[in-house]
Amino acid sequence: SIIVQMLWSIGVVGLLTIYTYATVVFGLRFSNLTNRGIITRGPYKYTKHPAYICKNAMWWMGSLPALFGADMQYVATLLTTLIYTNYIYYLRAKTEESHLMEEPEYRKYCAHIAENGMFSKLALLCNKGRQQNK
């Protein structure tokens with residue numbers, strides 16, 4: 001339906017907006033893979049890797065509509081490509097984190113995100129929902 005398409009498009013644009021905001025917050029050092037400093041403002045206030053998360057989610061949301069009615073070879077190729085790309089970004093994030101863990105400020109930031117970040121809040125909500133359904 002047109003409503004679903006509009007909401008889906010708004011989701012993709014929302015992810016693109018957050019990705020862009022995360023990139024702007026990083027500034028000129030964004031594409032440099034060395035220690036680029038620790039950023040805790042903007043979208044980094046809610047998760048450690050907002051640019052990676054939004055970029056990968058945006059690719060999934062942009063690609064999934066193409067799967068409907070597609071032949072199995074196309075579906076398999078697209079899904080394999082998305083999964084492989086997500087894995088590369090996962091490895092990149094883990095590599096960056098391993099370097100940054102040498103910094104006490106980053107370890108403190110990680111602890112804060114683990115307790116107060118977006119995904120910790122979602123986990124709490126999911127756990128509450130499971131407990132209520134029992």
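This is a short tour of a predicted model, stop by stop, with something to select at each one.

**The whole chain**

Start with the cartoon view. The protein chain has five helices and zero strands, and from the N terminus on the elements read α-α-α-α-α. Colour by accessibility if you like: of the 134 residues, 28% are buried.

**Stop 1: the start of H1**

Select Ile2, which sits in helix H1 (residues 2–26). With 55% relative accessibility, Ile2 is classed as exposed, since the cut-off for that is over 50%. Now add Ile3, Met6, Leu7 and Ile10 to the selection: together with Ile2 they make a nonpolar surface patch with about 540 Å² of accessible area.

**Stop 2: salt bridges around H3**

The whole structure holds three salt bridges. Pick Lys48 and Glu97 and put a distance on the pair: their side chains meet at 3.3 Å, N to O. Lys48 is in the loop between H1 and helix H2 (50–67) while Glu97 is in helix H3, so this bridge ties together parts 49 residues apart in sequence. Glu97 counts as buried at 8% relative accessibility, whereas Lys48, at 24%, counts as partly exposed.

Keep Glu97 on screen and add Lys94. These two also form a salt bridge, with the closest N and O atoms 3.5 Å apart. They are three residues apart in helix H3, which means about one helical turn between them. Lys94 is partly exposed, at a relative accessible area of 39%. Through shared partners, Lys48, Lys94 and Glu97 are joined into one network.

Next, select Arg92 and Glu96, whose side chains meet in a salt bridge at 3.2 Å, N to O. Here the spacing is four residues in helix H3, again about one helical turn. Why does that kind of spacing suit a pair within a helix? An α-helix has 3.6 residues a turn, so residues three or four places apart point the same way. Glu96 is buried, with a relative accessible area of 12%, and Arg92 is partly exposed at 29% relative accessibility.

**Stop 3: the rings**

Switch to showing aromatic side chains; there are five aromatic pairs in the whole structure. Zoom in on Tyr87 and Tyr90: the ring centres are 6.5 Å apart and the planes lie at 20°, so the pair is stacked. Both belong to helix H3 (residues 72–100), three residues apart. Tyr87 is partly exposed at 47% relative accessibility, and Tyr90 is partly exposed too, with a relative accessible area of 45%.

For a contrast in geometry, go to Tyr106 and Tyr109, an aromatic pair that is tilted, with 5.8 Å centre to centre and 45° between the planes. Tyr106 is buried at 4% relative accessibility, as is Tyr109, with a relative accessible area of 6%. Before leaving the rings, select Tyr52, Trp59 and Tyr89, which ring pairs link into a cluster.

**Stop 4: helix H4**

Tyr106 and Tyr109 lie in helix H4, about one helical turn from each other. Show all of H4, residues 104–116: its 13 residues should span 18 Å at 1.5 Å a residue, and the end C-alpha atoms are indeed 18 Å apart. Which residues of H4 are buried? They are Tyr106, Tyr109, Cys110 and Ile113. Look down the axis of H4 and these fall within an arc of 100°, so they line one face of the helix. On the other side, Pro104, Lys108 and Glu115 are exposed.

Finish on Asn116, also in H4 and partly exposed at 32% relative accessibility. Add Thr47: the two C-alpha atoms are separated by 9.0 Å, although the residues are 69 apart along the chain.

Conventions:
Residues numbered from 1 in each chain as written. Predicted model: local features only at pLDDT ≥ 70, side-chain atom pairs only at ≥ 80, totals over all residues. Heavy atoms only, no water. Helix = DSSP H or I, 4+ residues; strand = E, 2+ residues; numbered from the N terminus. Expected span 1.5 Å × (residues − 1). Buried < 20%, exposed > 50% of the residue type's maximum accessible area, 1.4 Å probe, protein only. Arc of directions from axis to C-beta. Patch = residues over 30% accessible without salt bridge, like charges linked within 9 Å, V, L, I, M, F, W, Y side chains within 5 Å. Areas by Shrake-Rupley, 256 points an atom, 1.4 Å probe, with all protein chains shown as cover. Salt bridge = Lys/Arg side-chain N within 4 Å of Asp/Glu carboxyl O. Phe/Tyr/Trp six-rings, centres within 6.5 Å; stacked < 30°, edge-to-face > 60°.
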